[in-house]
Amino acid sequence: MVETLLKILYQQVLHGEQAENGFKKKAWIAAKEGFHETFQIDLEASQLKTKWANVC
């Protein structure tokens with residue numbers, strides 16, 4: 001799951017969805033949708049942000 005999150009957020013960086021202090025709202029929406037498509041689970045953006053913070 002971490003690998004999937006990293007891939008999704010990397011794609012968002014390429015699309016310009018990263019601000020100076022983190023990712024834009026659109027990036028987290030894309031991450032939520034990506035997790036739903038890949039794993040058929042619904043996570044909140046806050047859950048994904050927490051995972052991202054733990055990875056970094």
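Which residues does UniProt list for "domain: Myb/SANT-like"? The entry, an unreviewed one, gives residues 3-54. What you have here is a predicted model, so let's take a walk through the chain with that in mind.

## Overall fold

The protein chain has three helices and two strands, and the order along the sequence is α-β-β-α-α. Its radius of gyration is 10 Å, close to the 10 Å that the globule rule gives for 56 residues, so the chain is as compact as a globular protein of that length. Put along its principal axes, the C-alpha trace covers about 30 × 20 × 20 Å.

Now back to the stretch from the UniProt record, residues 3-54. Helix takes up 71% of that span and strand 8%, and the C-alpha atoms at its two ends are 13 Å apart.

## Packing, surface and charge

How much of the chain is buried? Of the 56 residues, 23% fall in that class. As for contacts with a separation of 6 or more, 41% of them join residues 24 or more positions apart.

On the outside, the protein chain exposes about 4100 Å², with carbon and sulfur atoms supplying 51% of that area. There are 7 positive and 7 negative charges, and the mean positions of the two sets sit 3 Å apart.

## Q12 and E17: a buried pair

Start with Q12, which belongs to helix 1. Its relative accessibility is 9%, so Q12 counts as buried. Once neighbours within four places in sequence are set aside, Q12 is in contact with E17, Q18, K26, A27 and A30.

E17 is on that list, and it's worth a look of its own. You'll find E17 in the loop between helix 1 (2-14) and strand 1 (18-19). Is this loop residue buried or exposed? E17 has 12% relative accessibility, under the 20% cut-off, so it counts as buried. Leaving out residues up to four places away in sequence, E17 touches Q12, F23, K24, K26 and A27. K26 and A27 turn up in the contacts of Q12 and in those of E17. One more spacing to check on screen: E17 and W28 are eleven residues apart in sequence, with their C-alpha atoms 9.3 Å apart.

## Q40 and Q47: towards the C-terminal helix

Where is Q40 found? Q40 is in the loop between helix 2 (25-39) and helix 3. With 58% relative accessibility, Q40 counts as exposed. The backbone here deserves a glance: phi of Q40 is near 55°, a positive value in a residue other than glycine. Most residues other than glycine have a negative phi.

Further along is Q47, in helix 3 (residues 45-55). How accessible is Q47? The value is 41% relative accessibility, so Q47 counts as partly exposed. Q47 and K32 are 15 residues apart along the chain, and 9.6 Å separates their C-alpha atoms.

## Quick recap

To sum up, the predicted model shows an α-β-β-α-α chain with three helices and two strands. Q12 in helix 1 and E17 in the loop after that helix are in contact, and Q12 is buried, as is E17. Q40, by contrast, is exposed, while Q47 is partly exposed.

Methods
Residues numbered from 1 in each chain as written. Predicted model: local features only at pLDDT ≥ 70, side-chain atom pairs only at ≥ 80, totals over all residues. Heavy atoms only, no water. Helix = DSSP H or I, 4+ residues; strand = E, 2+ residues; numbered from the N terminus. Rg over C-alpha atoms; globule rule 2.2 N^0.38 Å. Buried < 20%, exposed > 50% of the residue type's maximum accessible area, 1.4 Å probe, protein only. Contact = heavy atoms within 4.5 Å. Areas by Shrake-Rupley, 256 points an atom, 1.4 Å probe, with all protein chains shown as cover. Lys, Arg positive; Asp, Glu negative; His and termini not counted. Charge placed at Lys NZ, Arg CZ, Asp CG, Glu CD. UniProt positions renumbered as here; feature names shortened; annotations may be inferred.
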